[in-house]
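Trainee: Please choose one part of this model and take me through it closely, setting it against the chain as a whole before you go into its details.

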Amino acid sequence: MDTGDNLKYFAIIDYPSYEIMSEYSKKSSERKMNSKIVLDILTTIGNKSGMQVIPTEDTNCCIMVEGGKYAFACLSNPQFAQRFCRTVLTELKVAFYQQVPGAAEHAAKKEDIPSRLLSDFALKHSNPRDFDKVAEANNKIQEVSIKLQEELKKVAGEKEKLEDLELKSSEMSASAKGFEKSSADLEGMMKCRNYKLCFIIGCVVVAILLYIFVPIIKSVSYTHLTLPTICSV
């Protein structure tokens, strides 16, 4: 998530005089309006120390009062996570004490604060992934989760393809067995028909032979019977 437009305003304020010592506004035209929002909320908070996030209609105001000397403020869009605002102000406090020598011991002045402290800080923290380890870990988890889901979908797709292949293979095997059985049945029928045909042909041949030779045999037999009679006469 790109949050360059979410962090709108930073301020370091002398507390409790409510004097803005240094400020940075993403849009210079909104600087006065943003500073007024921060000062109004800070006045409402009063002497409460610690970190507070005050949501308004158009913005979240995160204010941290530190040691009764300074207040660190950040304005962000409502969609910007509050924990990011808290992390930003904690980092701002650390940067302030690092770059303003002696600020922890005595009250710093405007001229003690480097002019580019807040602008450089805003640029550095324009994206929460650059400073928030939880967000970075969550993003990596989401990326891994997405890749894992894609791989699972691929595996599921391959499983469906394998099941389809197994089904088609089973169907082909059943068809082959059916064809084999049909072939065997057809072969048996053809053999039976061949046997019947041979038997019929054999019968026809025998009938023809009988039709030819029976009269001949009868004629020969008749001749043998008549010859002795003639001779005796």
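Mentor: I will begin with the chain as a whole, then turn to helix 3 and the sheet, and end with charged pairs.

This is a predicted model, in which local features need pLDDT of at least 70 and side-chain atom pairs count only at pLDDT 80 or more, whereas totals for chains, interfaces and linings use all residues. Residues are numbered from 1 along each chain as its sequence is written, and side-chain values use heavy atoms, with hydrogens and water left out.

The protein chain holds four helices and five strands, taken as DSSP runs numbered from the N terminus (H or I over at least four residues for helices, E over at least two for strands), and their order along the sequence is β-β-α-β-β-β-α-α-α. Of its 233 residues, 26% are buried, where buried means under 20% relative accessible area, exposed means over 50%, and partly exposed lies in between (1.4 Å probe, protein chains only). Taking a contact as heavy atoms within 4.5 Å, 56% of the contacts between residues at least 6 apart in sequence join residues at least 24 apart.

Helix 3 spans residues 117–124, and its buried residues are Leu117, Leu118, Phe121 and Ala122. Because these residues cover an arc of only 125° around the axis, they lie on the same side of helix 3; the arc is that of the directions from the helix axis to the C-beta atoms. On the other side of helix 3, Leu123 and Lys124 are exposed. The cover over the buried residues of helix 3 includes strand 1 (7–14), strand 2 (19–25) and helix 2 (82–99).

The sheet is an open one of five strands in the order 2-1-5-4-3, with antiparallel pairing, two strands being counted as paired if DSSP finds at least two bridges between them. Its edges are strand 2 and strand 3 (50–55), each of which pairs on one side only. Neighbouring strands are turned by 15° against each other on average, direction ignored. Helix 3 packs on this sheet by touching strand 1 and strand 2, and its direction makes about 145° with that of strand 1; axes are lines fitted to C-alpha atoms, for helices over the stretch in contact, and angles run from 0 to 180 degrees between N-to-C directions. Elsewhere in the sheet, strand 4 (residues 60–66) and strand 5 (residues 70–76) pair in the antiparallel sense over seven bridges, and Cys61 has Leu75 as its bridge partner in strand 5.

Side chains of opposite charge can pair when their charged atoms come close. Counting a salt bridge as a side-chain nitrogen of Lys or Arg within 4 Å of a carboxyl oxygen of Asp or Glu, there are five salt bridges. One of them joins Glu23 to Arg31, with the closest N and O atoms 2.8 Å apart; Glu23 is partly exposed at 26% relative accessible area, and Arg31 is partly exposed at 34%. Another joins Lys36 to Asp40, with the closest N and O atoms 2.9 Å apart. Lys36 and Asp40 are four residues apart in helix 1 (residues 31–45), so about one helical turn separates them; Lys36 is exposed at 53%, while Asp40 is partly exposed at 40%.
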